[in-house]
Amino acid sequence: MNKLTTTVLAIVIAFLLGMAAFWGFSRDRSPELSTEEQSTILLQQVRKVMKLVTVEGDIAEIFDSKQTKTYTLYLPLPTPIAFVKEAAVEVSGKVLVGYDLEEVRLDIDEESRTLRISNLPEPEVLAIDHQVKFKHVKESWWNVFSSDDYSKLNERAKARLHDKALESHLVEEARQQGNGLIETIELLAKASGFTVEVEGREKERIIE
């Protein structure tokens, strides 16, 4: 065996031994993952609010989103080619329903011992704490999901929870809780020798 053949054989054996060692090492150890996170806290505005939550409910829904982008190719006749992207989105969350008391007015007449309540609001959705899961995502070569698409799906999911809450029994339950609160105020005022007058009581159905 000449010198050149011996050298080539030694290189091949060394390469095979190295690959075997690497394979054994990689099988015995799981890969190490390194994750780095950076955050920036942005405080834009602080507002004082007067909101009364009277009812909370859990709502979940799965909805589908599909978008088709069509190109026309001339081969030489016009031939439409469609590229589809679609997603199945599961959204769930806690919906808080109650009253925004920012515009409510309370006037006390000491002389007539009367408490007047006016500008009573209707119950509304005050806050939604939701989570979104993408159960199925399918993209095409010329029609893929962007970060803006995912943001819009998240906004749409929250909007659907808002609409579902308005269609549910939550608003009526919140109204009944509001009626009970006004009745409690009436009882406390009566115990102190005051009379309660509610503006638009029959029209607004605050107290039945």
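Of the 208 residues in the protein, 24% are buried, where buried means under 20% relative accessible area, exposed means over 50%, and partly exposed lies in between (1.4 Å probe, protein chains only). This is a predicted model, in which local features need pLDDT of at least 70 and side-chain atom pairs count only at pLDDT 80 or more, while totals for chains, interfaces and linings use all residues. Residues are numbered from 1 along each chain as its sequence is written, and side-chain values use heavy atoms, with hydrogens and water left out.

**Start with the overall layout**

Switch on the cartoon view and you will find 4 helices and 6 strands. Both kinds of element are DSSP runs numbered from the N terminus: helices are H or I with at least four residues, and strands are E with at least two. Reading from the N terminus, the order is α-β-β-β-β-β-α-α-β-α.

**Select 51-74 and 78-100**

These are strands β1 and β2. They pair in the antiparallel sense over 23 bridges; two strands count as paired if DSSP finds at least two bridges between them. Together β1 and β2 form a hairpin, with 3 residues between the strands. To check the register, pick K66, which stands opposite E86 in β2, and then A60, which faces S92 in β2.

Next, click on E61 in β1. What does the side chain of E61 contact? A polar contact of 2.7 Å joins it to the side chain of R160. A polar contact here is a pair of N or O atoms within 3.5 Å; within protein, one must be able to donate a hydrogen and the other to accept it, and residues adjacent in sequence count only if both atoms are side-chain atoms. E61 counts as buried because its relative accessible area is 14%.

Stay in β1 and select G57. Is G57 buried or exposed? With a relative accessible area of 10%, G57 is buried. Draw a distance from its C-alpha to that of V97: the two are 40 residues apart along the chain and 8.2 Å apart in space.

For a contrasting stop, go to P80 in β2. P80 has a relative accessible area of 59%, so it is classed as exposed. Its C-alpha is 6.4 Å from that of T70, with the two positions 10 residues apart in sequence numbering.

**Add 124-138**

This selection is β5. β2 and β5 run antiparallel and are joined by 13 bridges. Pick V91 to see one facing position: V132 in β5 is opposite.

**Look at two loops**

Select R113, in the loop between β3 (105-109) and β4. Its phi is near 55°, a positive value in a residue other than glycine. R113 is partly exposed, at 34% relative accessibility.

Then move to N119, in the loop between β4 and β5. Phi of N119 is near 60°, again positive in a residue other than glycine. N119 has a relative accessible area of 40% and is partly exposed.

**Show 114-118 with 195-198**

Strands β4 and β6 run parallel and are joined by 4 bridges. T114 sits opposite T195 in β6. Turn on side chains in β6: V196 and V198 point to one face and are buried, whereas T195 and E197 point to the other and are not. In a regular strand, side chains alternate between the two faces of the sheet.

**Walk along 170-191**

Helix α3 has 22 residues and reaches 32 Å from its first C-alpha to its last, close to the 32 Å expected at 1.5 Å a residue. That expected span is 1.5 Å times one less than the number of residues. Colour the buried residues of α3, including L170, V171, A174, R175, G178, N179, I182 and A189. An α-helix has 3.6 residues a turn, so residues three or four places apart point the same way. Just after α3, look for G193, which takes a positive phi of about 85°.

**Finish at the largest pocket**

Select L101, V104, L120, L181 and I182, which lie nearest the centre of the largest pocket among its 16 lining residues. A pocket is found on a 1 Å grid over the protein atoms alone, as an open set of points where a 1.4 Å probe fits, with protein on both sides within 12 Å along at least five of seven lines; lining residues have an atom within 4 Å of a point.

The volume of this pocket is about 260 Å³, taken as the space filled by probe spheres set on the points, with grid points joined across faces, edges and corners. Which element gives the most to the lining? It is α3, with 6 residues. By type, the lining divides into 13 nonpolar, 2 polar and 1 charged; Ala, Val, Leu, Ile, Met, Phe, Trp, Tyr, Cys and Pro count as nonpolar, Asp, Glu, Lys and Arg as charged, and the others, Gly among them, as polar.
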